[in-house]
Structures are given as structure tokens and as C-alpha cells.
Amino acid sequence: MIKLNASFSKKVPAELDYSSKSYLACVEVELPTGATAKELQQKIHDTFKLVEESVEAEINGHVASGSAKQQKSRQSQQQPYIPASNKQIQYLLSL
């Protein structure tokens, strides 16, 4: 038997600024010894795709809610844009 190890990892932004979350999935499968090269390539492709899609699904399930929280907290921290008045501009220019 031939053993195949497939893994996929990805980092995504976390809820806090300048932090991230890592997601990793690994799977080990046994391949038949008598398989052709094409069959082996297809099994490798299918296994890797399964691992990659699993990680993406896990991220989308967890990050979507965290992302909304993150955007909401950033929006509440941002001050609304208020242009400077003519009097403020004149004061700055006089300095």
C-alpha cells in the first residue's frame, strides 16, 4: 500500500487588529499499489481538493460572523468625517 498525506493550511485576519487565525487540515489515505500513474494523480488531486475545501468551509463558517463583528467594531471606532471650517483653515494658515 502507498500512503498519501495531504494537508492545507491558511491564515486569516482575526477579530483583533494585527492578529490572525490559522486553519490546518491533514488527511492520510492509502492508495492501492497496483494503481496506474493517472489513477494516482487523480486520487492525489481529489484528496487535496477535499482537504482544501474542508479548510475553506471551516473558515467561512467561523470567519463570517467574526468578520461582521470586526467591521462593526472598526466602524464604531472611526470618527465621522467633518470638514474644517473656514475659520479653522484661516487659523492654520496664519500659523
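**Exercise 1.** Determine in which segment L95 is found, and whether L95 is buried or exposed.

*Solution.* First, locate the residue: L95 is found in the segment after α2 (86–94), where helices (H or I, at least four residues) and strands (E, at least two) are DSSP runs, numbered from the N terminus. The model is predicted: local features need pLDDT of at least 70, side-chain atom pairs count only at pLDDT 80 or more, and totals for chains, interfaces and linings use all residues. Residues are numbered from 1 along each chain as its sequence is written, and side-chain values use heavy atoms, with hydrogens and water left out.

Next, apply the classes: buried means under 20% relative accessible area, exposed over 50%, and partly exposed in between (1.4 Å probe, protein chains only). L95 has a relative accessible area of 71% and is therefore exposed.

**Exercise 2.** Describe the chain as a whole: state how many helices and strands it has and what pattern they follow.

*Solution.* The chain holds two helices and two strands, arranged along the sequence as β-β-α-α. Of its 95 residues, 17% are buried.

**Exercise 3.** Establish how β1 and β2 pair, and which residue in β2 stands opposite N5.

*Solution.* Two strands pair if DSSP finds at least two bridges between them. Strand β1 (residues 2–13) and β2 are joined by twelve bridges in the antiparallel sense. Within this pairing, N5 faces E28 in β2. Six residues lie between the strands of the hairpin, in which Y18 adopts a positive phi near 60°.

**Exercise 4.** Place T47 in the structure, decide whether it is buried or exposed, and identify its contacts.

*Solution.* T47 belongs to helix α1. Its relative accessibility is 6%, so T47 counts as buried. Contact means heavy atoms within 4.5 Å; leaving aside neighbours within four places in sequence, T47 touches L4, A6, V27 and V29. In addition, a polar atom of the T47 side chain lies 2.7 Å from the backbone oxygen of K43.

**Exercise 5.** Locate A35, classify it as buried or exposed, and give the separation of its C-alpha atom from that of I2.

*Solution.* A35 occupies the loop between β2 (20–31) and α1 (37–77). With a relative accessible area of 18%, A35 is buried. The C-alpha atoms of A35 and I2 are 9.7 Å apart, although the two residues are separated by 33 residues along the chain.

Note on methods: A polar contact is a pair of N or O atoms within 3.5 Å; within protein, one must be able to donate a hydrogen and the other to accept it, and residues adjacent in sequence count only if both atoms are side-chain atoms.
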